[in-house]
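Biologist: Hello! I am new to this one, so could you walk me through it with some questions and answers?

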Amino acid sequence: MPKREDLQHILVIGSGPIQIGQACEFDYSGTQACRVLREEGLRVTLVNSNPATIMTDPEFADATYVEPITTEVIEQIIAKEKPDALLATLGGQTALNAAVALHEAGILEKYGVELIGADMDAIQRGEDRQQFKEVVLKVGGDVPRSAVCHSMEEVTATVKDLGLPVVIRPSFTMGGLGSGMAYTWEDVDRIAGNGLAESPTTEVLIEESVLGWKEYELELMRDRDDNVVIVCSIENVDPMGVHTGDSVTVAPSMTLTDREYQHMRDIGIAILREVGVDTGGCNIQFAIDPADGRMIVIEMNPRVSRSSALASKATGFPIAKIAAKLAIGYTLDEIPNDITKATPAAFEPTLDYVVVKVPRFTFEKFPGADPTLTTTMKSVGEAMSLGRTFQQALQKALRSTETKQAGFWTRPDPEGATLENTMEALRTPHDGTLYTAERALRFGATVAEVHQACKIDPWFLDQVAQLIDLRGEIESAAVVDEALLRKAKRAGFSDAQVAALRPELAGEDGVRRLRHRLGLRPVYKTVDTCAAEFEAHTPYHYSTYEDETEVAPSDRPKVMILGSGPNRIGQGIEFDYSCVHAVQALREAGYETIMVNCNPETVSTDYDTADRLYFEPLTFEDVTEVFHAENESGRNAGGPGVVGVVVQLGGQTPLGLAERLENAGLPIVGTSPKAIDNAEDRGVFGKLLHELGLVAPAGGTAFSYEEAREVAAQIGYPVLVRPSYVLGGRGMEIVYDEDTLAGYISRATEASPEHPILIDRFLDDAIEIDVDCLCDGEDFYLGGIMEHIEEAGVHSGDSSCALPPITLGATVIEQIRDYTAKLAFGIGVRGLMNVQYALKDEQLYVLEANPRASRTVPFVSKATAVPLAKAAARIALGATIAELRAEGMLLPEGDGSDAGPDVPISVKEVLLPFKRFRTVEGAGLDAVLGPEMKSTGEVMGIDSNFGLAFAKATLAVYGKLPTSGKVFVSVADRDKRAIVFPVRRLVDLGFTVYATEGTGLVLKRHGIDFTPVARHSSGESVDAVSLIASGEIDLVITTPSASSGPRTDGWEIRSAAVVADVSCVTTIQGATAATQAIESASRGEIRVASLQELHQRLRGSETTAV
Amino acid sequence: MSSRAPAILVLEDGRVFRGEAFGSVGETFGEAVFSTGMTGYQETLTDPSYYGQVVAQTAPQIGNTGWNDEDDESRRIWVAGYVVRDASRMASNWRAKRGLEDELASQGVVGICGVDTRALTRHLREAGAMRVGISSRDTDVEALLQKVRATPQMAGANHVGAVTASAPYTYEAKETKYTVAALDLGIKRNTPRRLAERGITTTVFPAFAEIDQLLSGSPDAVFLSNGPGDPATADHQVELTRELLRRRVPVFGICFGNQILGRALGLETYKLKFGHRGINQPVLDRHTNKIEITAHNHGFALKAPPVLEGQSGEFFETEFGRVQVSHVCLNDDVVEGLTCLDVPAYSVQYHPEAAGGPHDADYLFDRLIELIQQQEGAPTHA
């Protein structure tokens, strides 16, 4: 059945800011969808508030709205754009929920917009637990015994019936938010209570525990002719009880017989049909009792999901792309398989390799958060690896996670580890369960015993046991000969792992030299969807140690771009954005682009992005071997081979490799590793600043506590302390006294053993400024200046900011441009650089300069219509700023420092994941901001003035902005003067004020009435915490008392706000901005404009090139 | 990890793969083919259609679920040799009774593991299926190559006699509504099981049964099973089928049975370059325009009927009346099924009984019942 001719214009909804449970996989799926729809000649209108996405680049849609994903805003977009249809199944739960809301508000009907790729009733049947259960039973499937409850009374009755433990899941939340396992009645009260509050329908499901069962997922696709295919089966290594997003998973399933697999397939297809998923992809989860094979159906996602992205990357079958085509009327047999070209998409991929995905956690960012893995997702990213065996894929995946532990035996066992305490640790699922299992096996536990403790299938444990056997062989062999080293490499051992077992081989470098001498190098196989049955036309490769390599010769000049690895806080989608831009720009400039990355969620690992894709760990070993293979393939074809390796765009991961890669002879292009190092080296950088006549806050370097104490005493408290060489403010703290400093050193030196501690004077009350610029050695181009809304001291990644700056005068801006240019030339930048400044008492301080792509590059590029990362990639390969100006990539004249008075204001706001975490006791986490970055994602609000832009950004993050109601105010002494004005505005706007005594008194003296509320600590019946928890407060303004000691006061208030999901402002600048936003919003002035319109205004008639 | 003996795999064109002994230690020969199913190795190994073939499994982790007592598709393992990338040393499944390797060894099946099966598959894809030898006893490549080149070709091979039942036997349905006589050319157990679920009792006859013996129980239909070897050699079964068509006995054929029905209708067979062996093959059913994902195991296929001017080639005339090419493979347009429009007979080239493989084609057994019902009252068994 061919494409529907009645559809000409499609509205696509994206997934908004990156958050736990909903990461950049939806940029991957959305980008694919937009690309497909436009290739089909359809007009595409897109709404997504996340500027760091490739899909929101103006070239991917006809009209791109970087606007909040709320019903009101989307209605405005629909009214303006008049699309024929809405595609909402590719933007995660956010897009699906938005579609449901639009439908329920009657907006789709009102404007005659058809929902395609999904059916409202089908969404209900798939997502409503009771309806779904009925569907499963109707088609002959089995479900856990359970009941849906709407009140605590119902919960109690149900749990009595089922018996403890039980699983509690709120309805309609994403990533399993609010779900949990209850072992005790206290757990039941807490989890079900929160769950009822979290669920938009005040509904929780209580079900029989299937803890410890085997867990599986199927990815299915259906077309409008009712043809169904299974794209992939995924088996969770971690058993039931651990959220699939937090589990180590493997594809295809490893421990199912055909009989069991086909039963799962039959039930999956029957469910898909019964639910009535219109067209497109869906995901169904199953559990199997390992004792008797009883299979039950857990849940389904009637949309493209995180697992779909994984399945697409794992199989080469692009689910989102196909789903988009199915939505506009094609059937599976009409869509060609991209990879084989010759065969249709109507088939089931078959794998001749094993895929392992490992989650990436960042518990270290959230001290106090319970690190136990549960049915609520807590990981922030993932790494995927492919190998020809499970062992190989697992070991590659473990070293892809960018953790200190880069595979088995790369870190010493924890001090005091015994068989007994290791076995005990195994009973609780945690980050690194497989490491613990390995230790237990190595300490002498049997596979059966370990299985008993952690419920991981014995097959997986035995695979780990085989690695331990091989470890023993390596340790005890007289010499590591060719046969043994080959065996180790085939099992996925890295050179570093072998080196750890054989110290006499002189480390990783020694092992590598030995390996090369023995002629042992990896070969590269191809992901082709069909296990080599048909020829593959897509160079999507992974390494293994076998007979035959499939890297095709090519004589074109090649450039390797190193990606950013698994997402984690501080290194996310923004860096992938820059890498993808580099690929695009260099492809266009005629290079053969080679992408190396291991993050399955990203656009960069779409085989459509670069000319060649290597799904490989970003380690020195793996990267140099890809280089070798590609360089040979070029040279053998008579070409120049690899002419450049780009490391400056993927964030810390590739940057950390730069120096070693250069020393190994790889042609690192752009800013040299030496220059990067100079900017990071305090001594060298300080000297440079001095030469350039620039000022930095007083500071020093310390290698011990004694030294640190001396430095701190000399420059005076408060001081900002951090380990050198960090991204995302890892380990950074503001320290107010010597005791805290001592505590910090004991923790932080553990955090970064090779590097000293940096100590700086902390500038209280300064304005922080971020600048992104380009330099080619001759010429300088300022990309954009961002003024932070929060004061200096809040990590720049967590600050909201405005571009162009909203309070800086022309003199300061001129000074910033001057300083930045001096730094760029002084450091020797060939590409991008980010500089952070603090402005205090009219003095501009240089906080840091990072000669690489920064997190703000996509934001600046969107706000100014200048593609900075593309320009940086071109500069790295030799283009000049003058040439890029002439080409139209950069502005023909002027730059980001001369924004005119009519330029719209862009505001970046961040999304913080505090809601995701609970302490072991189940309390909320402190929501305070500090120098350590904690946000997972960002949004952008664009409008004609700051208040409106900030209001949009707030709406995009919270989905709401209180325009009336009750505001609770409690601020630190130093903020008491500054808070008066914003609170008065709130009162004028109709807010009633609740305040703590001290704050209230100041307000009262300024003529503002308030209701006094006790602090939590006072023990009175109605205190701030209980007031917030009861949901009576609409807005919380509370600033930590910074000058009086460590920022710990008020955490109960903030965590209560987090738990109750109340907007909580923790800085005085934030309060002022929020007040302006509320004022703008209550005037009803929010209007939408597309990025294309905006860029037209910014760049006039010249071609936009973002 | 117990250390394994080195082993070699030598193809008739001289390409060599090295690995380690797997299963029984020794030497074996056959036709090298690859199978792409990710599940169902037990079913594959016990499928008589693989008789005479050395099967390379493209899925790299084999043996994970061990060997159980329920999933054998016949009385023994039939493959001539088995090639895998990584052989599991542990069986993990609640139904597993023993390990795969134990089973291979106890049945004397020579295998090889640690092989770059992807390179082997790519080679077979480009060069075509060919003769092969595996040895874990003697790793002299040249000697093994000579032996390989001395073995018979698959084309022209008649293997049915080797796999068929020696005497008739009956698989009873719980409540028999109809009876079917099945000609065992290498039948799999799941076929009578699928029929029995629909109330059909199946009597399985040896491949060389004569027409009177086959129809002695007045069956409602005759089933032509799958099986190994070159269909061009199956003259007896082709003649038998022509007689069934003459007598208007309902006939349902699968795999080898499809080729026999095709030959009975006047079509020729040919050897595919590397065959269809896997459980992910998309087939279009022209009756319904639905796509089914199906289990395949065939190295030969029916030549498509000549396309007459003004016609698509979907329908063609035979001495038994009009016939429709009712099923085609979407990957390569190979004829995957025939439906006679004037006599009660139809067939498919693949495996509706699956085992292993998806159950999408299960409806074909329902069609047999419909065919029987349509024939009831019509004159048959003349």
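**A walk through the model**

Modeller: Gladly! Let us start in chain A with strand β7 (residues 166–170), where five of the five residues are buried, so the strand is largely enclosed by the rest of the structure. Please keep in mind that this is a predicted model.

Biologist: Which residues of β7(A) point one way, and which point the other way?

Modeller: In a regular strand the side chains alternate between the two faces of the sheet. Here A:Val167 and A:Arg169 take one direction, and all the residues on both sides are buried. Pointing the opposite way from β7(A) are A:Val166, A:Ile168 and A:Pro170.

Biologist: Which residue stands opposite A:Arg169 in β9(A)?

Modeller: β7(A) has pairing partners to look at. With strand β8 (residues 180–182) of chain A it pairs in the antiparallel sense over three bridges, and in β8(A) the bridge partner of A:Ile168 is A:Gly180. β7(A) and β9(A) also pair in the antiparallel sense, over five bridges. In that strand, β9(A), the residue opposite A:Arg169 is A:Leu205.

Biologist: Now a helix, please. What arc do the buried residues of α6(A) cover around the axis?

Modeller: Helix α6 (residues 129–138) of chain A has as its buried residues A:Arg129, A:Phe132, A:Lys133, A:Val135 and A:Val136. An α-helix has 3.6 residues a turn, so residues three or four places apart point the same way. The buried residues of α6(A) are on the same side of the helix because the arc they cover is only 160°.

Biologist: Which residues are exposed on the other side of α6(A)?

Modeller: The buried residues of α6(A) have a cover that includes α5 (120–127), β6 (146–149), β9 (204–208), α9 (258–275) and β14 (295–301) of chain A. Just after the helix, A:Gly140 takes a positive phi of about 90°. On the other side of α6(A), the exposed residues are A:Leu137 and A:Lys138.

Biologist: Which strands stand at the edges of the open sheet in chain A, each with a single partner strand?

Modeller: The open sheet has four strands in the order β23-β26-β24-β25 (chain A), with antiparallel pairing. One side of each edge strand is left without a neighbour in the sheet, because each has a single partner; the edge strands are β23 (699–702) and β25 (733–735) of chain A.

Biologist: Which helix packs on that sheet?

Modeller: Neighbouring strands of this sheet are turned by 25° against each other on average, direction ignored. The helix touches β23, β24 (719–723) and β26 of chain A, and its direction makes about 175° with that of β23(A). The helix is α25 (residues 705–715) of chain A.

Biologist: And chain B: how far apart are the C-alpha centres of domain 1 and domain 2 of chain B?

Modeller: Chain B is divided into domain 1 (6–150) and domain 2 (160–375). Their contact takes 22 residues from domain 1 of chain B and 22 residues from domain 2 of chain B. The C-alpha centres of the two domains lie apart by 28 Å.

Biologist: Last one! Which element gives the largest share of the side of chain B that touches chain A?

Modeller: In this contact, 43 residues of chain B meet 46 residues of chain A. On the chain B side, α3, β15 (269–285) and β16 (290–302) each supply at least two residues. By class, that side of chain B has 15 nonpolar, 17 polar and 11 charged residues. The largest share, six residues, comes from α3(B).

Note on methods:
Residues are numbered from 1 along each chain as its sequence is written. Chains are lettered from A and ligands numbered from 1 in the order in which they are written. This is a predicted model: local features need pLDDT of at least 70, side-chain atom pairs count only at pLDDT 80 or more; totals for chains, interfaces and linings use all residues. Domain bounds come from an automatic or database domain assignment. Two residues are in contact if their C-beta atoms, placed from the backbone, lie within 7 Å. Ala, Val, Leu, Ile, Met, Phe, Trp, Tyr, Cys and Pro count as nonpolar, Asp, Glu, Lys and Arg as charged, and the others, Gly among them, as polar. Two strands pair if DSSP finds at least two bridges between them. Axes are lines fitted to C-alpha atoms, for helices over the stretch in contact, and angles run from 0 to 180 degrees between N-to-C directions. A residue is buried if 20 or more other C-beta atoms lie within 10 Å of its own, exposed if 12 or fewer, and partly exposed in between; C-beta atoms are placed from the backbone. The arc is that of the directions from the helix axis to the C-beta atoms.
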